[in-house]
Amino acid sequence: MLAPLTTANRRLGDGPGHSISVALIGGGIGGLAAALSLLRAGIDVHVYEQASSLRDIGAGIQISPNASRILRRIGLADASVVHGVTPLALRQRRWEDGRTLQSTPLGAAVERACGSPYYQAHRADLLHALAHRLPAERLHLGHRLAHIADDGDRVVAHFENGRKAATQALVGADGIHSTVRSLVFGGESARFTGCVAYRGLVAAEELAVLELPLESQLWMGPGKHFVHYFVRDAALLNFVAIVERNSWTRESWTEQAPHSEVLQAFEGWHPQVRSILGAAEEIFLWGLFEHTPMRRWSIGRVTLLGDACHAMLPFLAQGAAQAIEDGAALAECLTNAGRRDVSGCLRAYEALRLPRTSRVQAASRDNMSRFHLPEGPMQRERDVQIRNAATDWFLHAMDWVYGHDAGVLD
Ligand SMILES: Cc1cc2nc3c(=O)[nH]c(=O)nc-3n(C[C@H](O)[C@H](O)[C@H](O)COP(=O)(O)OP(=O)(O)OC[C@H]3O[C@@H](n4cnc5c(N)ncnc54)[C@H](O)[C@@H]3O)c2cc1C
């Protein structure tokens, strides 16, 4: 059982009377992790979430060492806390014949190299573990932000239920279609990336005949790729099937897809891929959207965090990891600056984070063309690079991502 962070087990900056007050809008993975980092730093934080209960989609999430390092600090000691699975390796394979191009050891090897683990979990398990650590009185469900007023000394959040909260800083952790972002920065909505994702979970026992090893597998083929790994104590296999598409014309951002549609998209792919797709009870289709890097994301007493400011393609599995990093960096900046110069401190946080998240966004996008190369000389050259361990997923090539500690300021 996870004990919530309380005043007894958190570090209280310079005393309760001097603690900065922060309203965090959005109780997703980014918002809850940030709240725990802020609370640990002695900051008086409250989370306001629009939904009436905390839930996440039925899908997996990869937690890389740069994120698990911070999760440890805020009380999620290891993979078992989220019923997570530590994969032994990441295997990269060719789409039609299943040939292994490279297998990178993870498990103990990654923990040795990075000092923190790599694991994979069900998103709801992670979300609930984070929520359990937060004292109940600091999480306000059913609070949908409507507008913000910054009077210079305080920023006031007004919610659709008629309530309001006046604090010294407000953080928009309200996701890719962020209300805070549009209220403060206006305009630009997220852009369709030209890719859709089919996602699903399959009971591991349904796939026993495939004798899948405890590893993460990434299958690359022309215009598509396919990823699978185990979650929830290895009782479920999570998969994500990515397909390039010219446009997203559906009304909603996500919806259920018929098996025939996804099996047709993966016609000619290796039987293992098709067996996994065929065994899923439900498959959900997502349009993948992203933002171009912002020039700034803090104004006055308001700033942004996570997908609200740097939504990216999931091809480095870093969206949530970067949101978790944001929270840790924000906590450090607010602690160091003290409450005298909150807006300066939010600008410092942005200056620290923006170059890194922009680089991760670009690297995620680069993976789209690399993973999806058509048959031919460029694909053969890519495969040679992968075999020579010259590209990402090898620990030395990923060191700039996995080795980073966002909770330590230079
Ligand atoms: C296919 C796919 C696979 C992925 N895999 C990985 C992975 O393996 N590893 C990884 O690190 N990342 C992964 N990601 C990215 C990751 O899911 C996101 O980056 C992450 O969930 C963003 O977290 P967030 O808290 O910023 O936003 P969200 O999770 O979107 O949370 C925002 C919250 O704000 C609330 N909200 C919205 N508007 C309001 C309002 N007006 N008032 C109050 N509350 C509001 C919402 O209800 C929600 O709870 C993947 C993404 C996709 C699409």
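This report describes the ligand site and two β-sheets of a predicted model.

## The shell around the ligand

The ligand is surrounded by 30 residues, of which Gly 30, Glu 49, Gln 62, Arg 123 and Asp 307 come nearest. By class, this shell comprises 13 polar, 11 nonpolar and 6 charged residues. Three secondary-structure elements, α1 (29-40), β3 (60-63) and α9 (319-337), each contribute at least two residues to the shell.

## Polar contacts and burial of the ligand

Two contacts involve oxygen atoms of the ligand. An N or O atom in the side chain of Arg 123 is 2.6 Å from a ligand oxygen. In the case of Gln 62, a backbone N or O atom lies 2.9 Å from an oxygen atom of the ligand. Both Arg 123 and Gln 62 are among the residues that come nearest to the ligand.

A nitrogen atom of the ligand also has a partner in the backbone: a polar backbone atom of Ala 317 is 3.2 Å from it. Taken alone, the ligand exposes 1,000 Å², and 86% of that area is buried by the protein.

## The eight-stranded sheet

An open sheet of 8 strands has the order β5-β4-β13-β14-β15-β12-β17-β16, with mixed pairing. Its edge strands are β5 (100-105) and β16 (254-256), each of which pairs on one side only. On average, neighbouring strands of this sheet are turned by 20° against each other, direction ignored.

Within this sheet, β4 (residues 89-94) pairs with β13 (residues 216-221) in the parallel sense, over 5 bridges. Arg 93 has Trp 219 of β13 as its bridge partner. Helix α11 (residues 377-387) lies across β4, β5 and β13. The helix runs at about 30° to β5, which is one of the edge strands.

## The three-stranded sheet

A further open sheet consists of 3 strands in the order β8-β9-β10, and its pairing is antiparallel. The edge positions are held by β8 (145-150) and β10 (164-167); each has a single partner strand, so one side of each is left without a neighbour in the sheet. From one strand to the next, the twist averages 15°.

Strand β9 (residues 155-159) is joined to β10 by 4 bridges, and the two strands run antiparallel. Ala 157 has Ala 165 of β10 as its bridge partner.

Key. Residues numbered from 1 in each chain as written. Predicted model: local features only at pLDDT ≥ 70, side-chain atom pairs only at ≥ 80, totals over all residues. Heavy atoms only, no water. Near = heavy atom within 4 Å. Polar contact = N/O pair within 3.5 Å; in protein donor to acceptor, adjacent residues only side chain to side chain. Areas by Shrake-Rupley, 256 points an atom, 1.4 Å probe, with all protein chains shown as cover. Nonpolar A, V, L, I, M, F, W, Y, C, P; charged D, E, K, R; others polar. Pairing = 2+ DSSP bridges. Axes fitted to C-alpha atoms, helices over the stretch in contact; angles between N-to-C directions. Contact = heavy atoms within 4.5 Å.
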